[in-house]
Amino acid sequence: MGIFDFFSKEQKKESLDKGLEKTKTSFFGQLSKAVVGKSTVDVEVLDELEEILVHADVGVETTVKIIDRIEKRVARDKYVSTSELDKILREEIAALLEENRAGDGANFDLPAGIKPYVIMVVGVNGVGKTTTIGKLASQFHKAGKKVVLGAADTFRAAAVDQLIIWGERVGVPVISHGMNTDPASVAYDAVKKGVDTGADVVIIDTAGRLHNKVGLMNELSKIKRVMQKITADTPHEVLLVLDGSTGQNALLQAREFTKATDVTALAITKLDGTAKGGVVIGISDEFKIPVKYIGVGEKIEDLQLFDKNQFVESFFSRK
């Protein structure tokens, strides 16, 4: 490991710790109150813990699952002290993320043998979708990948302009036909540009509308069909961007988009501005879709590959 790698990992961990600070402060503050004066994990402590997990936006179904697992451990071990609760919670949340194929991201690699790797990005307006695409493009570019962007969110002028600015900032081409043009045509030209120029990755922005589920489904299906005229198996990834600070609303958005299209990966943004970081656990568990990226700050480097082990370690760090 070179010195650059060491400092990159240290900076990533520091950024993650800082990004989860509000969640941890809220969570452990409530947990400490729940166990004060208690020596063992009893029904009352479990009821308090259930409320705390729901408040952290872990989600009702996932919370019930975690509580059930802890109850079984308490019954099996006969005696579980409140001082052991952190360790048990940590182990059970890590196990859930493992079962749900949440990320193990180490670097911005792409699958071998697929070129260009086409990512179609979906999500409602305001979740940080276009910014996430720009940061992703920067990270791939820094990793030595040749990137092409497609500005197919043509219903919002700001989205097109914003992506063009990101392209100029990062130094990668952006295919754009302007506002109120056919999104599928933009996607087609972006994939064609990727093929013609030997790009490693093509990232397509799409319109962030949920006003009509059928309309959204039809639009995304059309974009897929048109891209497949260039390369039969595109898109290789459908990345849903969710705003972690909206808590349960992010879960509702995930439900709508997973009905509208085959989402294969998740990016959860804005975790630094909220005490609702538990939503990462709930979303991963409910949808069984890998969390691939998390946003823990404003800097480009603050869009991180999600590493479940590092996330759990940071979440349960009381430093």
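These questions and answers look at one cavity and one helix pair in a predicted model.

Residues are numbered from 1 along each chain as its sequence is written. In this predicted model, local features need pLDDT of at least 70, side-chain atom pairs count only at pLDDT 80 or more, and totals for chains, interfaces and linings use all residues, while side-chain values use heavy atoms, with hydrogens and water left out.

Q: Why are H3 and H4 called roughly antiparallel?
A: Helix H4 spans residues 60-77, and H3 packs on H4 at an angle of about 150°, with the axes 9 Å apart. Angles run from 0 to 180 degrees between N-to-C directions, along lines fitted to C-alpha atoms over the stretch in contact. Angles over 145 degrees count as roughly antiparallel, so H3 and H4 earn that name.

Q: Which residues of H3 and H4 meet?
A: With contact meaning heavy atoms within 4.5 Å, Leu46, Leu49, Glu50, Leu53 and Val54 in H3 meet Thr63, Val64, Ile66, Ile67, Ile70 and Glu71 in H4.

Q: What makes Thr23 and Phe27 lining residues of the largest cavity?
A: A cavity is a set of points on a 1 Å grid over the protein atoms alone where a 1.4 Å probe fits but cannot get out, and lining residues have an atom within 4 Å of a point. Thr23 and Phe27 are listed in that lining, as are Ser26, Gln30, Ile52, His55, Ala56 and Ala275.

Q: How many residues does H2 give to the lining of the largest cavity?
A: H2 gives four, the largest share.

Notes:
1 Å grid on protein atoms, 1.4 Å probe; cavity = no way out; pocket = protein on both sides within 12 Å on 5 of 7 lines; lining within 4 Å. Helix = DSSP H or I, 4+ residues; strand = E, 2+ residues; numbered from the N terminus. Parallel < 35°, antiparallel > 145°, perpendicular 65-115°, else oblique.
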